[in-house]
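This report describes a model with the sequence and coordinates at hand. Please look at the structure below before reading on.

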2 protein chains.
Amino acid sequence: MSRWANVLPDREEVLEAKRKAIIREAAKVFNRRGSHGATLEDVSERLGVTKAALYRYVQSKQDLLFACHEEAMEIARESIDKGEAEGRNGLEKIQIGMSGYLREMIGAMGVPVLILEENALTGRQAERIIALRDEFEARMRRLVEEGIADGSIVPLNPKLAMFMLLGAVHWVTKWYSPDGPWTADDVADALIEMATRGLASRPGAKLRARIHK
Amino acid sequence: MSRWANVLPDREEVLEAKRKAIIREAAKVFNRRGSHGATLEDVSERLGVTKAALYRYVQSKQDLLFACHEEAMEIARESIDKGEAEGRNGLEKIQIGMSGYLREMIGAMGVPVLILEENALTGRQAERIIALRDEFEARMRRLVEEGIADGSIVPLNPKLAMFMLLGAVHWVTKWYSPDGPWTADDVADALIEMATRGLASRPGAKLRARIHK
DNA sequence: CACATAAGTGAACGCAGAGTAGCTTAGCCT
DNA sequence: AGGCTAAGCTACTCTGCGTTCACTTATGTG
């Protein structure tokens, strides 16, 4: 039945691995060119196949875009889970959550942040992604409120704080290159430290992340 | 020669006003849908004309996109000019510059921030916009350095700080709606106060902007 | 080895949307 | 009023790209 003690990759696994690879490259292309500007040929080229080959793994371009967004939201959810589990107050939860999110997003294996364009997704798919995003934003906002309540964050508008942090984080895909001098970890630590310092009730007198020297 | 004491709009003026209106609406559409996802019909519809009519005022979609970016960079330049002129130290210059920028961008008459997608512009036009953007970013970075030197900003990586601020500001177009409860002024003040607090060497114990209550 | 099935290719097809051409209407001047 | 030009519209053309189809090449099995 099973040969080589099952060390050989299974059909299913190979298929899933390829699908993952497609999603990862597609996300990069969608990010750089926008969802309409990106062509399936851009994606297939990066993978060394023709665009027709992609259709063995995805149903349509829409489907692919949706999968990218789902993946991104999944990472967001896991990150905020981690933050909630490990942080000792609202501020720490946010810091842990956001820096994990950022690291995953721009790190070697990760999926870059996707900016959702209006009408890029439609119908059920749009609803689903927007629901996930809203849930994520609501959880972030609640962490800010928690931080204000426990005294780790100064009184401020939670929604605005949440948007400020998300902006700082999502913008990273516009300038970050893994080929540059900074690692994903460096950037995640330094950026989150700086951005959350604006919220902290007792902001440190110095910044400690490596990039700030 | 001149009738009605020149209160009647001149041909040239009308033409220019229409062109401005096109640019303003186009910028909104480009922002929401992405530069490839935006159609000229979207733009013309908002102006109550057909897309063919647009071609009396712009040469091509590319041309229009370029004009939008030029306009945005012009506002950026003016804002930073103002910040440099009026601020008393690095931090203040940044605060004044950025909040002016944001106000102009999202305010009633302004052009929303444009996110430059790779390959949306090409050749000379791309070069020009990228050069303007680089110049703007360099000036911002220098203000951060100035702030560190004059003691208003804690020692940190100036480039990263600049990117953080730009992210927070540019992201605003993704969530701000003029129909919501907040005015452009409200948002500009509150957001910039919060974001720059992360850089300040002596961050205020409270946030004063109206939105933070 | 022969065969079955999966994986991938190159060449179409079709459609949305940029851009154009020629006609119609509106505004202004004498 | 008549005529001139600007402004706009309707109805096209044309191109790029998503998607499909018929075919070829690889992979694994009895």
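Contact here means heavy atoms within 4.5 Å. The model is a predicted one.

## A buried histidine in helix 4

With that cut-off, His69(A) touches Leu114(A), Ile115(A), Leu116(A), Leu121(A) and Ile129(A), when residues up to four places away in sequence are not counted. His69(A) itself belongs to helix 4 of chain A, which covers residues 61-86. Its relative accessibility is 4%, and because buried means under 20% relative accessible area, His69(A) counts as buried.

## Overall fold of chain A

Chain A contains nine helices and zero strands, and from the N terminus on its elements read α-α-α-α-α-α-α-α-α. The C-alpha trace of chain A spans about 60 × 45 × 35 Å along its principal axes. Among the 213 residues of chain A, 52% count as buried. When contacts in chain A with a separation of 6 or more are considered, 66% of them come from residues 24 or more positions apart.

## Relation between the two protein chains

Chain A is superposed on chain B by a rotation of 180° with 0.0 Å of shift along the axis, and the RMSD is 0.1 Å. The two copies are therefore related as by a two-fold rotation axis. Within chain A, the residue that comes closest to this rotation axis is Gly198(A), whose C-alpha lies at 1.9 Å. Since 100% of the interface residues of chain A are also interface residues in chain B, the copies meet through the same surface.

## Helix 9 and its surroundings

Helix 9 of chain A comprises the 14 residues 184-197, which at 1.5 Å a residue should span 20 Å, and its end C-alpha atoms are 20 Å apart, in agreement with that expectation. Because 12 of its 14 residues are buried, helix 9 of chain A is largely enclosed by the rest of the structure. The buried residues of this helix include Asp186(A), Glu193(A) and Arg197(A), as well as Val187(A), Leu191(A), Ile192(A) and Met194(A).

What do the buried residues of helix 9 of chain A pack against? Within chain A, their partners are helix 5 (90-106), helix 7 (158-170) and helix 8 (172-175), while chain B contributes helix 7 (158-170) and helix 9 (184-197).

## The surface near DNA strand D

There are 17 residues around DNA strand D, and those that come nearest are Lys51(A), Tyr55(A), Lys61(A), Thr50(B) and Tyr57(B). Of the atoms of DNA strand D that come within 4 Å of the protein, sugar and phosphate account for 65%. Helix 3 (51-54) of chain A, together with helix 1 (11-33) and helix 3 (51-54) of chain B, each supply at least two residues of this surface, which by class holds eight nonpolar, three polar and six charged residues.

Individual polar contacts involve both backbone and side-chain atoms of the protein. A polar backbone atom of Ala38(A) is 3.3 Å from a phosphate oxygen of DNA strand D, and a backbone N or O atom of Leu40(A) lies 3.1 Å from a phosphate oxygen of that strand. For Lys51(A), an N or O atom in the side chain is 2.8 Å from a base nitrogen of DNA strand D.

## The surface near DNA strand C

Around DNA strand C there are 16 residues, of which Thr50(A), Tyr57(A), Lys51(B), Tyr55(B) and Lys61(B) come nearest. Sugar or phosphate makes up 66% of the atoms of DNA strand C within 4 Å of the protein, the rest belonging to bases. Helix 1 (11-33) and helix 3 of chain A, along with helix 3 of chain B, each supply at least two residues of the surface near this strand, and the residues there divide into eight nonpolar, three polar and five charged.

Side chains of both protein chains reach phosphate oxygens of DNA strand C within polar-contact distance, as these pairs show. An N or O atom in the side chain of Thr50(A) is 2.8 Å from a phosphate oxygen, and for the side chain of Tyr57(A) the corresponding distance is 2.5 Å. From chain B, a polar side-chain atom of Tyr55(B) lies 3.0 Å from a phosphate oxygen of DNA strand C.

## Two residues with positive phi

Most residues other than glycine have a negative phi. Asn119(B), however, has a positive phi near 70°; this residue is placed in the loop between helix 5 (90-106) and helix 6 (123-150) of chain B and is partly exposed, with a relative accessible area of 46%. Lys213(B), likewise not a glycine, has a positive phi of about 55°. Lys213(B) lies in the segment after helix 9 of chain B and is exposed, its relative accessible area being 83%.

Methods: Residues numbered from 1 in each chain as written. Chains lettered and ligands numbered in written order. Predicted model: local features only at pLDDT ≥ 70, side-chain atom pairs only at ≥ 80, totals over all residues. Heavy atoms only, no water. Least-squares fit on C-alpha atoms with pLDDT ≥ 70 in both. Helix = DSSP H or I, 4+ residues; strand = E, 2+ residues; numbered from the N terminus. Buried < 20%, exposed > 50% of the residue type's maximum accessible area, 1.4 Å probe, protein only. Near = heavy atom within 4 Å. Polar contact = N/O pair within 3.5 Å; in protein donor to acceptor, adjacent residues only side chain to side chain. Nonpolar A, V, L, I, M, F, W, Y, C, P; charged D, E, K, R; others polar. Expected span 1.5 Å × (residues − 1).
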